[in-house]
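Work through the exercises below with the sequence and the 3D structure at hand. Try each task before reading its solution.

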Amino acid sequence: MAATINQVFALFRLNYHNQYYAAYPDDTQLKQVKKLWLDALSDFDPELILRGAKSALEKSEYLPTLNRMLDACRAQAADAGLPPAHDAFVEACSARTPRSAQAWSHPAVYLAGRDTDWFFLSNNPESVTWPVFRDHYAGYVGRALRGEQFEVPRPAAIPAEASAERMSKEAKLSALKQLREDTGL
């Protein structure tokens with residue numbers, strides 16, 4: 001990610017030469033600004049950040065601020081139909097089973113949740129699950145921005161005879177008795 005921020009600042013230096021050196025006159029200040037940008041943009045995929053920087057370059061005669069850069073990155077994600085990373089995380093954590101039957105804002109959210117592992121998401125604190133989800137989601141965001149299409153798999157149909165709701169009380173008791181015999185309980 002630091003390499004991406006360095007690329008962004010190299011683009012800025014080339015395009016806004018005088019403004020760039022006026023804004024960042026010394027290396028110490030430049031390092032502090034890059035660290036600030038790195039922290040603020042850490043939720044975005046590196047490819048999304050680069051696209052946001054190029055968009056900001058095309059739309060402004062002036063050196064972009066961090067706020068303008070954040071807006072440009074959000075706009076790039078929104079144009080691709082992708083929610084912000086943390087919104088996607090909340091959506092994945094809130095999904096009920098069967099998860100593939102949910103109305104997802106984008107298939108990348110479902111796929112990142114699946115790859116992170118639904119049980120892991122449900123049974124660990126955000127401080128543990130968020131970085132793992134964020135990395136998976138960033139991978140899908142990058143692929144989506146390169147034009148790859150994703151689909152959420154269709155939920156598996158439950159056979160009528162396996163549906164507990166459709167079984168009579170006697171059939172349920174019989175199935176329970178058989179299960180006890182099979183497991184030795």
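**Exercise 1. Place Glu 151 in the chain, and decide whether Glu 151 is buried or exposed.**

Solution. Step 1: Glu 151 sits in the loop that joins helix 9 (126–145) to helix 10 (169–183). Helices (H or I, at least four residues) and strands (E, at least two) are DSSP runs, numbered from the N terminus. The model is predicted: local features need pLDDT of at least 70, side-chain atom pairs count only at pLDDT 80 or more, and totals for chains, interfaces and linings use all residues. Residues are numbered from 1 along each chain as its sequence is written, and side-chain values use heavy atoms, with hydrogens and water left out.

Step 2: Buried means under 20% relative accessible area, exposed over 50%, and partly exposed in between (1.4 Å probe, protein chains only). Glu 151 is exposed because its relative accessibility is 68%.

Step 3: Leaving out residues up to four places away in sequence, Glu 151 touches Pro 107 and Leu 111; contact means heavy atoms within 4.5 Å.

**Exercise 2. Describe the largest cavity and its lining.**

Solution. Step 1: On a 1 Å grid over the protein atoms alone, a cavity is a set of points where a 1.4 Å probe fits but cannot get out, and lining residues have an atom within 4 Å of a point. Grid points are joined across faces, edges and corners, and a volume is the space filled by probe spheres set on the points.

Step 2: There is one cavity of 30 Å³ or more. The largest cavity holds about 80 Å³ of space.

Step 3: Its lining has 13 residues, and Asp 43, Leu 48, Ala 85, Tyr 137 and Val 141 lie nearest the centre. Helix 9 gives the most to this lining, with four residues.

Step 4: Sort the lining by class: Ala, Val, Leu, Ile, Met, Phe, Trp, Tyr, Cys and Pro count as nonpolar, Asp, Glu, Lys and Arg as charged, and the others, Gly among them, as polar. The result is 10 nonpolar, three charged and no polar residues.

**Exercise 3. Find which residues have the most contacts inside the largest nonpolar core, and which helix gives the most to this core.**

Solution. Step 1: A nonpolar core is a set of buried Ala, Val, Leu, Ile, Met, Phe, Trp, Tyr and Cys residues joined through side-chain atoms within 4.5 Å.

Step 2: The largest such core has 45 residues, and Phe 12, Trp 37, Leu 41, Met 69, Phe 133 and Tyr 137 have the most contacts inside it. Elements that give two or more residues to this core include helix 1 (2–15), helix 3 (27–40) and helix 5 (66–79). Helix 9 gives the most, with seven residues.

Step 3: Apart from neighbours within four places in sequence, Phe 12 is in contact with several residues, among them Trp 37, Leu 57 and Met 69.

**Exercise 4. State how many disulfides there are, and classify Cys 73 and Cys 93.**

Solution. Step 1: A disulfide is a pair of cysteine sulfur atoms within 2.5 Å. By this rule the count is zero.

Step 2: Cys 73 is buried because its relative accessibility is 0%. Cys 93 has a relative accessible area of 34%, so Cys 93 is partly exposed.

**Exercise 5. Describe the backbone at Pro 98 and Asp 117.**

Solution. Step 1: Most residues other than glycine have a negative phi, and most peptide bonds are trans.

Step 2: The peptide bond from Thr 97 to Pro 98 is cis, with omega near -5°. Pro 98 lies in the loop between helix 6 and helix 7.

Step 3: Asp 117 has a positive phi, near 100°, and belongs to the loop between helix 7 and helix 8.

How values were computed
On a 1 Å grid over the protein atoms alone, a cavity is a set of points where a 1.4 Å probe fits but cannot get out, and a pocket is an open set with protein on both sides within 12 Å along at least five of seven lines; lining residues have an atom within 4 Å of a point.
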